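Good morning, everyone, and thank you for making time for this. I would like to walk you through one structure slowly, so please keep the sequence and the model in view while I talk.

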Amino acid sequence: MALWVLGINHRTASVEKRERVSFPESEMAPALQNALQLPGVHELAVMSTCNRTEFYVVGDEHITRQALVEWWGAWLDVEPASFEECVYVHEEQHAAQHVMRVACGLDSMVLGEPQVLGQLKEAYNQAYAAGTTGTILSRLFEHAFSVAKRVRTDTAIGENPVSVAYAAVSMSRHIFSDLRRKSALLIGAGETVELVAQHLAQAGIRDLTVANRSIERAEQLASRFEGKAVSLSAVPDELPGADIVIASTGSQLPILGKGAVEHAIRRRKHKPIFMVDLAVPRDIEPEVGELDDIFLYTVDDLHSVIEENRRSREGAAQEAEHLVQEGASEFMYQLRALDAVATLKQFRGEVESVRDAELDKALRSLASGGDPETLLRSMARTLTNKFLHHPTVQVRKATAEGRVEVTDWLRELHGMEPISGETGDADTGEGSPQGAPVSPTESSTRNPS
């Protein structure tokens, strides 16, 4: 089994490319179940956010990057050649380490961003509900969540409220020096908009309107900040009174167009509007940014604020990276131990099969009147010969080929003390099970009788 991560993010692809290959939430379950039918794929989870779309895969070693990229493009009706140069792949321990870095916010646009942990948990929950996870991915995600908790507890990476939402509100201060007398229109009512609302309230804004497809959800969020709730259809009416507009919905089509904004600007007598579109796909038509008196930013435009926060967190990030490396190594150790369990189970099964066969043979002979002592001695000798035959052949073969470490492993497996100056054949009774053929390697070591 192989573990790997394949995806694109804000470092490898522009927002235009990211929005084309993101998965709508409504399509996630059928997409997961369909992708699981690809040859060699055994477990799968997908996280698709404004900053990244990543596949977490457990499968056969022969699975190719190209096969999954082609499926990805076909499912979303996007030509793979338009985005495959942006795709990265991490394998085995590097894959585990990447997942843990994502969980800890070390791979986020805003270093240490806590929101991505919730998004990763949701991706795992969706895959679990779709029936596309198994033992390995379940262990990987649980381990990643544990490492993220330790990073939050043991480092200072999460002490200050830093997120894309925080960066958006910070950037608004470059347009408006005093936010206390400004009004804000938030489009959407999800986790990102909730964080935006919190930061705006802390910055002093009291005039807050939340527009959402579900008016009930809008009312729940607006009531926390003594704001007003409206439906999405009311956005054009609310726009003229908004100094700040921040949008983040799951819509596949733009919610705010150029015409509505032009009308709002005329009614505002060209007072400026600061807009941030945090959604992928975008909620605000890009052409809106061409209008005078409109300051429109996307998530990719927040780099300056984000870089400042990154510098302030570099020390904590180094500590976090160390914890992530430890966590990835520990996970791979556990994963290899799982492989050993499967091998040991197979080994025990084969030994028990030989034991049961010889026991049945002895019981039949005993029922036929055979001498009990003779039968017991014969069974013990036969079992010893059968259990030792294949290991004996393989140890002799390995030693002859110069792989002397095999004898060291044999002693370690059986707790045997090393003996210097050993020569001659191992004492294995008859050397091979009764009736079993002797391999060429073994027979060549025997003296002719």
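Let me begin with the largest cavity, where the largest share of the lining, three residues, comes from helix H5, which covers residues 115-130. Please keep in mind throughout that this is a predicted model. The count of cavities of 30 Å³ or more comes to one, and the space in the largest cavity is about 130 Å³. Its lining is made of 13 residues, and those that lie nearest the centre are Cys-50, Asn-51, Glu-113, Gln-119 and Val-164. If we sort the lining of this cavity by class, we find five nonpolar residues, six polar ones and two charged ones.

From the cavity I would like to turn to a pocket, namely the second largest one, which has a volume of about 970 Å³. This pocket is lined by 35 residues, and the closest to its centre are Glu-25, Ser-48, Thr-49, Thr-249 and Gly-250. The elements that contribute two or more residues to its lining are strand E2, residues 41-48, together with H5 and H8. Here H5 appears again, since the largest share of this pocket's lining, six residues, comes from H5. By class, the lining of the second largest pocket divides into 14 nonpolar, 17 polar and four charged residues.

Now let us look at strand E5, residues 183-187, and ask how many of its five residues are buried. Five of the five are buried, and therefore the strand is largely enclosed by the rest of the structure. You can follow this on each face in turn, because the burial is found on both: Ser-183, Leu-185 and Ile-187 are buried on one side, and Ala-184 and Leu-186 are buried on the other.

Which strands, then, does E5 pair with? One partner is strand E6, residues 207-212, which runs parallel to E5 and is joined to it by five bridges, with Ile-187 standing opposite Ala-211 of E6. Another partner is strand E8, residues 244-247, which also runs parallel to E5 and is joined to it by four bridges, and in this pairing Leu-185 stands opposite Val-245.

Finally, if you trace the chain from E5 through helix H8, residues 191-203, and on to E6, you will have followed a right-handed β-α-β unit. H8 is thus worth finding in your view, as it belongs to this unit and also gives residues to the lining of the second largest pocket.

Key. Residues numbered from 1 in each chain as written. Predicted model: local features only at pLDDT ≥ 70, side-chain atom pairs only at ≥ 80, totals over all residues. Heavy atoms only, no water. 1 Å grid on protein atoms, 1.4 Å probe; cavity = no way out; pocket = protein on both sides within 12 Å on 5 of 7 lines; lining within 4 Å. Points joined across faces, edges and corners; volume = space filled by probe spheres on them. Nonpolar A, V, L, I, M, F, W, Y, C, P; charged D, E, K, R; others polar. Buried < 20%, exposed > 50% of the residue type's maximum accessible area, 1.4 Å probe, protein only. Pairing = 2+ DSSP bridges. Right-handed = clockwise from strand over helix to strand, strands pointing away.
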